[in-house]
Amino acid sequence: MLIHFPPKIATGEELPAHQLRGLQWTVRHAFEHSAFYHERLSAAGIGPDGITSLDDLRRLPFTTADDLAAGYPFALRAADFSDLVRIHASSGTTGKRKVLCYTRKDVEDWQTMFARCYELAGLTRQDRVQIAVGYGLWTAGIGFQQACERFGALAVPVGPGNLELQTAFLIDLQSTVFCCTASMGLLLAEEVQRKGLKDQLNLKKIILGAERSSSAMLATMRDCLGVEEIYDITGLTEVYGPGTGLSCRENDGIHYWADYYILEVLDPQTLEPVAPGEIGEMVFTTLCKEGAPLIRYRSRDLTRLLPGECPCGCFLPRHDRILGRSDDVTIFRGVNIYPGQIDEALNRVSGIGSEYQVRFDRGPDGRDGMLVRVERARNGAALPDEQVVKQVVAGIKHTMLVSCSVEVLEAGTLPRSERKTRRIYDSRTFE
């Protein structure tokens, strides 16, 4: 397992000592080379010599997206401009993009982590990897491509959208791996089914990133595209980009590359650690990042740590799929509702398709309402609408302890997107 791009440690028992060395290096590097971190660490009363154990991590201050916006464009820069070779950027919370800078070593480390993902997914140098994600300022396209080249497979850099070109290349080039967002994968699956192209494809694997995917969406892709394996890749622009973790063939969580960063999962309100298996916010501290190191960066992404060893043989730790964002929570009748919970409830409903839409509104009587719109399944014997409604209402009630109304639509009615499909709408106003 992970022969060509092995972890920096040989066993899981070596991980704490490795992480401590990396944490000590990161704090010293940030303190000495980043004006932002020098000020922040000094204010917290902790310097490079104050890190003697991993427990000292909890003494370190948090970093947020607001910090990146306030210090735009090079808020976290900790290397001379002469040593920087690239920037990437993602959307910001206040209109300013989050700009991250990379040294040559940062780029190489990122490629190594990402190539490890391809290896964990079982790719070989005979694979043809069609890349259908965005290029430019985003980390996605160039991340997928350079890692593919580092791994040694054939990269087919098509970019996002353009279903006609995507299907033509899948057929003409006989691509074996397709990399995309879940929304793009669903669009492609429906297009292939509509045109009857499945038998002309040679797809074996799909690698999804950038958004959550439900079991229904994955089932549609497997059925319409004939793929054997679908993997979920994780990543954040602030933490290099995509490729910092991958689900394995056991499909039981995501292995994350803990030899390159420390992942804490904390309660978003108290900022205290949650127990393994409990949902919390992902907080990142890098261990060897030069250009823009991270110290306790609050990602707002929600997941849970998964205890125990994975049968796949990879000893690096696991977290669950991304379940939503702490700032995406919808409060409905006093209950916090996350998108991942809705996915979980609808995954148990038979007879519906993979797309849904949830609308929160306030009626003339002042009461809040929740409408769940689902599509009938495209294939197979669909359940009568009244049974679908009954299952959805029961599933939402069981998972989130709230009541909802349900609307059943024809397959293909709800909007699709080539990037990220919006599924939650809240039209209520709060005074």
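Two strands are taken to pair if DSSP finds at least two bridges between them. In the predicted model described here, this criterion applies to strand β11, in which G280 stands opposite T303 of β12.

Strand β11 covers residues 280-286 and has a paired strand on either side in the sheet order β10-β11-β12-β15. With strand β10 (residues 261-266), β11 shares six bridges, and the two run antiparallel. Within this pairing, L266 stands opposite E281, while the bridge partner of I262 is T285. With strand β12 (residues 297-303), β11 shares four bridges, again in an antiparallel arrangement; the placement of G280 opposite T303 belongs to β11 and β12.

The four strands together form an open sheet in which the pairing is antiparallel. The edges are occupied by β10 and β15 (324-325), each of which has a single partner strand, so one side of each is left without a neighbour in the sheet. In general, strands of a sheet pair through backbone hydrogen bonds, either parallel or antiparallel. Burial of β11 was also examined, a residue being counted as buried when its relative accessible area is under 20%. Seven of the seven residues of β11 are buried, so this strand is largely enclosed by the rest of the structure.

Internal voids were considered next. The structure holds two cavities of 30 Å³ or more. The largest cavity has a volume of about 60 Å³, and its lining consists of S214, A216, D343, L346, N347, I352, G353, S354, E355 and Y356. Two elements, α9 (339-347) and β18 (352-362), each supply at least two residues of this lining. The largest share comes from β18, with five residues. By class, the lining of the largest cavity comprises four nonpolar, four polar and two charged residues.

The second largest cavity has a volume of about 30 Å³. Its lining is formed by R212, S213, S214, M217, D343, Y356 and R423. These residues divide into two nonpolar, two polar and three charged. S214, D343 and Y356 appear in the lining of the largest cavity and also in that of the second largest cavity.

Terms used: Residues are numbered from 1 along each chain as its sequence is written. This is a predicted model: local features need pLDDT of at least 70, side-chain atom pairs count only at pLDDT 80 or more; totals for chains, interfaces and linings use all residues. Side-chain values use heavy atoms; hydrogens and water are left out. On a 1 Å grid over the protein atoms alone, a cavity is a set of points where a 1.4 Å probe fits but cannot get out, and a pocket is an open set with protein on both sides within 12 Å along at least five of seven lines; lining residues have an atom within 4 Å of a point. Grid points are joined across faces, edges and corners, and a volume is the space filled by probe spheres set on the points. Ala, Val, Leu, Ile, Met, Phe, Trp, Tyr, Cys and Pro count as nonpolar, Asp, Glu, Lys and Arg as charged, and the others, Gly among them, as polar. Buried means under 20% relative accessible area, exposed over 50%, partly exposed in between (1.4 Å probe, protein chains only).
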